[in-house]
Amino acid sequence: ERGYAVRIFDVNRPTYTDPGMQLIQADIRDSDAIWTACEGIDVAFHNVAQVPLAKDKDLFWSVNRDGTKNLLEACARYAVKKVIYTSSSAVYGMPKSNPVTEETVPTPMEDYGRAKLAGENLCWEYARNGLDVTIVRPRTIVGRGRLGIFQILFEWIYQGKNIPVLGDGKNTFQFVHADDLAAACVQASLLRGADAVNCGTDRFGTMRQVLEHLCRHAGTGSNVKSLPMWPMVTAMNLSSALGISPLGAYHASMYGRSFYFDISKACTKLGWAPRYSNEEMFVESYEWYLANRSMVLTSTDSASRHRSAVEQGALK
């Protein structure tokens, strides 16, 4: 819509294409491929990452850190005018207080977060040497076609099963819609000068509230039920360590805790405002799941983790 010529670099084929798009299907760890992709590019949006669901430390570091270095080196070589690095709220680990701001010191608590922070540090290093990079840190991303661990939640609600929260579920939790994040990244690409901004919705409440609203919307008989916090966190961490649960350490530690950003810098500096509330984005994402459930459940092993079913393991 803005008149850009678009080139997509991805290990998976995109589900949406346009006649004007170029596609390079390759791995970001392939430095020759990413150099080819960056030639003639003005703006690079870096969204490649191995997500916590992968639970593979080697992949976290080889993709999220080393892959980022490959991209930054190629962008520097070809004098790309702007790089937008999509980071993660996992770099903040388990924040001691909320709201989290850009001044909050990152203290990641597991390898995914550490690798994403290592990617950020590379961005700052290249910025000091003249590459124009903006870091965008999103809260947990929700939206149509964006599943990951939410696939289990949506399937449970589809089947009318009860949905657990830890403790009373009154931990304040902020999400961000994928479209809102994309809009923030596009706005960030218009800025000049290295910076970092946090992105999330401005309409959010507790974990219990968003899940109860979704259960009411679905009308399948699902209810939200409380489970004791610390015994469940211990069990989740143990089952994750044993490899019998899809949850990573970050999922287990943060599900029952409050976590939300102050987004005033993003709104002011980017001229950006989120369109979706927590409740709106969950309803939209669930409806997308219903419409695409058969495709998700029959997807191949090579499909994106955001568009494929998750093995429930011990969670079942």
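In this predicted model, the axes of helix 2 and helix 3 come within 8 Å of each other and cross at roughly 15°. That angle is under 35 degrees, so helix 2 runs roughly parallel to helix 3. The crossing of this pair is right-handed. On the helix 2 side, the residues in contact are Lys57, Phe60, Trp61, Asn64, Arg65, Thr68, Lys69, Leu72, Glu73 and Ala76. Facing them from helix 3 are Asp111, Tyr112, Arg114, Ala115, Lys116, Ala118, Gly119, Leu122, Cys123 and Tyr126. Sorted by class, the contact of helix 2 with helix 3 is a mix: 10 nonpolar, three polar and seven charged residues.

Both of these helices also turn up around a pocket. The second largest pocket has a volume of about 260 Å³. It is lined by 16 residues, and the closest to its centre are Lys57, Phe60, Glu110, Gly248 and Ala249. Helix 2 (57-77), helix 3 (111-128), helix 7 (229-241) and helix 8 (249-254) each give two or more residues to the lining. Two of the residues closest to the pocket centre, Lys57 and Phe60, are also among the helix 2 residues that meet helix 3. As for chemistry, the lining of this pocket splits into seven nonpolar, three polar and six charged residues.

Helix 4 has its own set of partners. Helix 4 (residues 150-158) packs against helix 10 (residues 278-297) at an angle of about 90°, with the two axes 10 Å apart. Helix 4 and helix 10 are therefore roughly perpendicular to each other. Helix 4 brings Phe150, Gln151, Leu153, Phe154, Glu155, Ile157 and Tyr158 to this contact. Helix 10 meets them with Phe282, Ser285, Tyr286, Tyr289, Leu290, Arg293, Val296 and Leu297. The class count here is 11 nonpolar, two polar and two charged residues.

Helix 4 also crosses helix 6 (residues 207-218), at roughly 45° and with the axes coming within 10 Å. The pair is therefore oblique, and the crossing is right-handed. From helix 4, Leu153, Phe154 and Ile157 take part, meeting Leu211, Leu214, Cys215 and Ala218 of helix 6. This contact has seven nonpolar residues, with no polar and no charged ones. Leu153, Phe154 and Ile157 thus serve two contacts, touching helix 6 and also appearing on the helix 4 side of the contact with helix 10.

Conventions
Residues are numbered from 1 along each chain as its sequence is written. This is a predicted model: local features need pLDDT of at least 70, side-chain atom pairs count only at pLDDT 80 or more; totals for chains, interfaces and linings use all residues. Side-chain values use heavy atoms; hydrogens and water are left out. On a 1 Å grid over the protein atoms alone, a cavity is a set of points where a 1.4 Å probe fits but cannot get out, and a pocket is an open set with protein on both sides within 12 Å along at least five of seven lines; lining residues have an atom within 4 Å of a point. Grid points are joined across faces, edges and corners, and a volume is the space filled by probe spheres set on the points. Helices (H or I, at least four residues) and strands (E, at least two) are DSSP runs, numbered from the N terminus. Ala, Val, Leu, Ile, Met, Phe, Trp, Tyr, Cys and Pro count as nonpolar, Asp, Glu, Lys and Arg as charged, and the others, Gly among them, as polar. Axes are lines fitted to C-alpha atoms, for helices over the stretch in contact, and angles run from 0 to 180 degrees between N-to-C directions. Angles under 35 degrees count as roughly parallel, over 145 as roughly antiparallel, 65 to 115 as roughly perpendicular and the rest as oblique. A crossing is left-handed if the near helix is turned anticlockwise from the far one by less than a right angle, and right-handed if clockwise. Contact means heavy atoms within 4.5 Å.
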